[in-house]
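Biologist: I would like to learn how to read a structure, one feature at a time. Please show it, and I will ask as we go.

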Amino acid sequence: MISSLSLAQIPCYVAVVTYMPVATDEHAAALIASLNGLLARLTQQNAGGQNLVVVDNGSAPLVQQALQQWAADSMAMVIANAHNQGIATAHNQAVAYAASQ
């Protein structure tokens, strides 16, 4: 029963869905810089990223590599889809991951 638990006992997860099918390295670099800034702020506010889930919907290889490197450096989880599953499916994947923890 939720009413008997304190808020500190209820885990809260943050889900971010990415989809950046960029064509050029220059465009990818700009998007990765923006994404890195966002993820750094979320990680800082979320105890090292332990409850942060990023679902990538088939982004360009450079973006996927950046996400995997970021996940290796934090406590976050990256779920990498081979192609765009759609925003609803991606959110459901994040919820399923959080529920399994």
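Biologist: Which strands are included in what covers the buried residues of H3?

Modeller: First, a caution: this is a predicted model. In it, the cover over the buried residues of H3 includes E1 and E2. The buried residues themselves are Ala90, Ala94 and Ala98. Around the helix axis they take up an arc of only 75°, which puts them on the same side of H3.

Biologist: What is the general idea behind that spacing?

Modeller: An α-helix has 3.6 residues a turn, so residues three or four places apart point the same way. The face of H3 turned away from the buried side carries exposed residues, namely Ala88, Asn92, Val95, Ala99 and Ser100.

Biologist: How far apart are the end C-alpha atoms of H3?

Modeller: They are 20 Å apart, and the 14 residues of H3 should span 20 Å at 1.5 Å a residue, so the two agree.

Biologist: Which residues of H2 are buried?

Modeller: Val63, Ala66, Leu67, Trp70 and Ala71 are the buried ones. Seen down the axis, they fall within an arc of 135°, so they line one face of H2. On the face turned away from them are the exposed residues Pro61, Gln65, Ala72 and Asp73. The buried residues of H2 have a cover that includes E1, H1, E2 and strand E3 (77-81). The length can be checked here too: 13 residues should span 18 Å, and the end C-alpha atoms of H2 are 18 Å apart, which agrees.

Biologist: Let us step back to the whole chain. In what order do the elements run from the N terminus?

Modeller: The order is β-α-β-α-β-α, and the count comes to 3 helices and 3 strands. Of the 101 residues in the chain, 36% are buried.

Biologist: What share of the contacts joins residues at least 24 apart?

Modeller: Among contacts between residues at least 6 apart in sequence, the share is 72%. Val14, in strand E1, gives a case of residues distant in sequence: its C-alpha atom is 4.9 Å from that of Leu52, although the two are 38 residues apart along the chain. Leaving aside neighbours within four places in sequence, Val14 is in contact with Leu42, Asn51, Leu52 and Val53. With a relative accessibility of 28%, Val14 counts as partly exposed.

Biologist: How should I read a nonpolar core?

Modeller: In soluble globular proteins, nonpolar side chains tend to be buried together. In this chain the largest nonpolar core has 18 residues, and Val54, Leu67 and Trp70 have the most contacts inside it. Helix H1 (25-45), strand E2 (52-57) and helix H2 (61-73) each supply at least two of its residues. A second, separate core has 5 residues, including Val53, Ile79, Ala90 and Ala94.

Biologist: Which residues is Leu67 in contact with, leaving aside its neighbours within four places in sequence?

Modeller: They are Thr18, Leu35, Leu39, Val54, Asp56 and Val78.

Biologist: Now polar residues. Is Asn57 buried or exposed?

Modeller: Asn57 sits in strand E2 and counts as buried, at 2% relative accessibility. A polar atom of its side chain lies 3.2 Å from the backbone nitrogen of Gln85. Beyond four places in sequence, the contacts of Asn57 include Thr18, His83, Gln85 and Ala90. Ser59, in the loop between E2 and H2, also counts as buried, at 6%. The side chain of Ser59 makes a polar contact of 2.5 Å with the side chain of Asp56.

Biologist: And ring pairs: how many aromatic pairs are there?

Modeller: The count is 1. The ring centres of Tyr13 and Tyr97 are 6.5 Å apart and the planes meet at 85°; over 60 degrees counts as edge-to-face, so this pair is edge-to-face. Tyr13 lies in the segment before strand E1 (14-18) and Tyr97 in helix H3 (residues 87-100), so the pair ties together parts 84 residues apart in sequence. Both are partly exposed, with relative accessible areas of 25% for Tyr13 and 21% for Tyr97.

How values were computed: Residues numbered from 1 in each chain as written. Predicted model: local features only at pLDDT ≥ 70, side-chain atom pairs only at ≥ 80, totals over all residues. Heavy atoms only, no water. Core = buried A, V, L, I, M, F, W, Y, C linked by side-chain atoms within 4.5 Å. Buried < 20%, exposed > 50% of the residue type's maximum accessible area, 1.4 Å probe, protein only. Helix = DSSP H or I, 4+ residues; strand = E, 2+ residues; numbered from the N terminus. Contact = heavy atoms within 4.5 Å. Phe/Tyr/Trp six-rings, centres within 6.5 Å; stacked < 30°, edge-to-face > 60°. Polar contact = N/O pair within 3.5 Å; in protein donor to acceptor, adjacent residues only side chain to side chain. Expected span 1.5 Å × (residues − 1). Arc of directions from axis to C-beta.
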